[in-house]
Amino acid sequence: MLHKLNVVAHKYAKEFIPKRYKEIAQDIKLVDDAGHGYDRFGAHKDWVAFSIALNSFLYEKYFRTQSFGVENIPLDGPVILTPNHGGTLPLDGMMLHQDVIRKTGRLPRPIADFFVPKMPLVSMVYSRVGVVSGARGNVNHLLKNGEALVIFPEGLPGISKTYKDRYQLRHWRPGHIELAKKHKAAIVPVAIVGPDDQMPLLAKIESFKTLGAPYLPIPLTPFPLPVKYRIFYGEPVYPHLELGAVSSHFDSVEGLAKFLKAKVQGMIDKGLHERQGVFK
Amino acid sequence: MRNILVTGGTTKVGELLIQLILKDPESKVILALEPGDDCSIQHRNLRKISLDLTKERQVKKVFTSQDAQDLTHIVHLAMHRGESKGFKHHRLNVDSTRSLIILAEEYQVSHFIFRSWAEIYESHSFLPTIVTESHPIDLSSQGSQWLKDRVEADQILCAKMGLSKVKIKILRSSDCLASGCGSQIYSFLDSRLCFTPFGYDPMLNVVSPEDLAHSLFLALDYPNNGVFDIPGLDNIPLSEICYKAGKGYLAIPEPILGALSSVQRLWGDKNFDYKNHRKRFKYGAILSGERARKELGYQPKHGSDWNSLKKELNPR
């Protein structure tokens with residue numbers, strides 16, 4: 001069955017996907033392709049093209065995604081994008097994934113929590129479009145290869161925020177800063193305005209852990225609302241230059257994490273202040 | 001000049017390795033054949049002896065024989081490839097490894113090369129997909145004897161490293177999709193019906209017999225001890241492996257796969273046990289091979305021969 005799905009996806013990618021999406025995906029560079037089209041983590045260009053085509057309705061029409069400051073993303077070399085996370089379903093990650101591919105031609109590798117690879121189908125589809133499980137070894141490997149990563153420093157507590165806590169950032173984990181320093185990677189702070197309004201979370205049942213899911217969300221709406229997405233890319237920060245330099249304001253990784261969190265919170269607040277409404 | 005004792009040399013990997021060694025006219029090979037086995041290679045520097053590795057006395061006799069007086073290397077490839085349980089298999093898989101390394105120390109053999117298995121590595125959602133030599137080993141009690149024997153043999157040699165005068169080199173290789181090479185994925189493909197866990201399609205790495213033989217050859221003269229991961233050129237999902245091998249497969253919800261696998265074993269497909277691959281068939285694992293590249297100069301060059309594999313697995 002999976003193979004059929006695979007074959008259908010390939011066929012769809014090759015024959016029915018609009019040329020412009022195929023061209024975007026074909027320009028992406030995959031490392032470690034041994035002639036089968038897959039990289040070591042399972043990403044495949046045809047699947048990326050398939051995901052671009054499939055999500056184009058959500059990206060262009062439903063969420064009417066707009067982005068600002070995309071020039072802040074380096075076009076090559078290791079980079080970590082660190083956005084806020086919210087919205088019950090990880091649609092913010094999907095829209096960011098779309099936006100980065102379309103605007104820069106780079107395949108961003110979203111780093112997923114450990115429960116994601118446990119989920120049947122989700123784990124397979126995610127890995128084909130570039131998602132990687134969040135083990136430190138994987139992140140190290142990707143940065144070493146000069147790839148673009150998307151790490152949600154809030155993690156699961158971010159996406160599982162209830163509606164009353166929307167756009168209030170959770171603890172900003174600093175692990176990615178250490179890795180960025182080690183690999184001389186840039187960190188681009190990203191603020192996404194919109195997702196926290198798309199599917200207001202009322203409560204969650206923590207004891208429900210079926211099929212690898214960490215909890216059962218109880219949202220106000222059964223499907224995401226057509227809110228407007230705005231993605232703001234901040235100026236890149238280079239931890240290997242910031243940490244340890246004489247003129248640096250940051251004496252520790254935690255200090256830099258606090259700074260980046262405040263920067264993202266500031267960008268979110270600005271975005272919220274400037275927007276005309278949730279749907280506009 | 002090398003004088004090399006090779007065990008398990010009747011497999012495709014073993015034969016390729018022997019051919020590589022014998023290209024050097026100064027090298028001699030003593031090929032230990034299990035009773036009933038034969039090897040097609042003929043060469044003036046190749047001597048074939050019949051040896052039951054499970055009988056320690058017979059093994060010791062080899063070391064005291066005239067041919068083995070100046071033994072410089074041991075390449076230990078012999079492992080029971082079947083999934084069947086039993087004391088005899090344990091003796092071949094584990095005890096023979098132990099006795100060979102002890103004899104190598106006693107008779108001052110310089111190098112001991114052991115072909116180990118990537119399956120011994122733990123696989124889980126919280127562990128890296130890219131596996132290095134320091135990756136956790138699967139020490140759980142859930143694995144079958146096939147797995148436990150391989151972990152034990154590997155660890156016996158790891159425990160000797162650095163304390164013994166013998167230079168021990170352990171090559172943990174990816175699955176080698178050729179008959180007789182002990183690959184569980186090959187046994188999986190050789191089953192009448194291939195069942196995979198529904199909703200998962202892990203990335204796996206397979207190594208060609210040529211590359212594996214070449215890595216063993218490179219390890220012969222490596223001057224230090226070491227554990228090396230030996231990946232192949234092909235990084236490929238399980239579903240594509242089935243497809244390229246011409247095997248149909250059925251995706252079954254994971255909780256009932258173990259039971260189905262047991263039924264299959266009763267039915268006659270005895271060489272594959274899903275128990276050993278419960279996590280690997282969900283999360284996958286790919287060997288990094290960076291150390292082998294840096295230290296041994298190993299770089300995979302040959303992809304698997306999928307057409308031959310297809311013909312081999314589907315003779316009709």
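**Briefing: largest pocket and nonpolar cores**

Helix α3 of chain A (residues 45-62) gives the largest share of the lining of the largest pocket, with five residues. The structure is a predicted model, scored at ipTM 0.86 and pTM 0.88. For chain B the mean pLDDT is 89, and 98% of its residues reach 70 or more.

**Pocket**

- The volume of the largest pocket is about 1,400 Å³.
- Its lining is made up of 50 residues, of which A:Pro90, A:Ala112, A:Asp113, A:Val116 and A:Tyr126 are the closest to the centre.
- Sorted by class, the lining of the largest pocket holds 37 nonpolar residues, 10 polar residues and three charged residues.

**Nonpolar cores**

- The largest nonpolar core numbers 41 residues.
- Inside this core, the residues with the most contacts are B:Leu5, B:Phe63, B:Leu71, B:Ile74 and B:Phe112.
- Two or more residues of this core come from each of these elements of chain B: strands β2 (28-33), β5 (111-117) and β7 (167-173), and helices α2 (56-64), α3 (87-106) and α4 (145-160).
- A second core, separate from the largest one, has 33 residues, among them A:Val139, A:Leu149, A:Leu169 and A:Leu260.

**Surroundings of B:Phe112**

- With neighbours within four places in sequence left aside, B:Phe112 is in contact with B:Ile74, which is also among the residues with the most contacts in the largest nonpolar core.
- The other contacts of B:Phe112 on that basis are B:His76, B:Thr97, B:Leu100, B:Ile101, B:Ala104, B:Leu157, B:Val166, B:Lys167, B:Ile168 and B:Lys169.

Note on methods: Residues are numbered from 1 along each chain as its sequence is written. Chains are lettered from A and ligands numbered from 1 in the order in which they are written. This is a predicted model: local features need pLDDT of at least 70, side-chain atom pairs count only at pLDDT 80 or more; totals for chains, interfaces and linings use all residues. Side-chain values use heavy atoms; hydrogens and water are left out. pLDDT is the predictor's confidence in each residue, from 0 to 100. On a 1 Å grid over the protein atoms alone, a cavity is a set of points where a 1.4 Å probe fits but cannot get out, and a pocket is an open set with protein on both sides within 12 Å along at least five of seven lines; lining residues have an atom within 4 Å of a point. Grid points are joined across faces, edges and corners, and a volume is the space filled by probe spheres set on the points. Helices (H or I, at least four residues) and strands (E, at least two) are DSSP runs, numbered from the N terminus. Ala, Val, Leu, Ile, Met, Phe, Trp, Tyr, Cys and Pro count as nonpolar, Asp, Glu, Lys and Arg as charged, and the others, Gly among them, as polar. A nonpolar core is a set of buried Ala, Val, Leu, Ile, Met, Phe, Trp, Tyr and Cys residues joined through side-chain atoms within 4.5 Å. Buried means under 20% relative accessible area, exposed over 50%, partly exposed in between (1.4 Å probe, protein chains only). Contact means heavy atoms within 4.5 Å.
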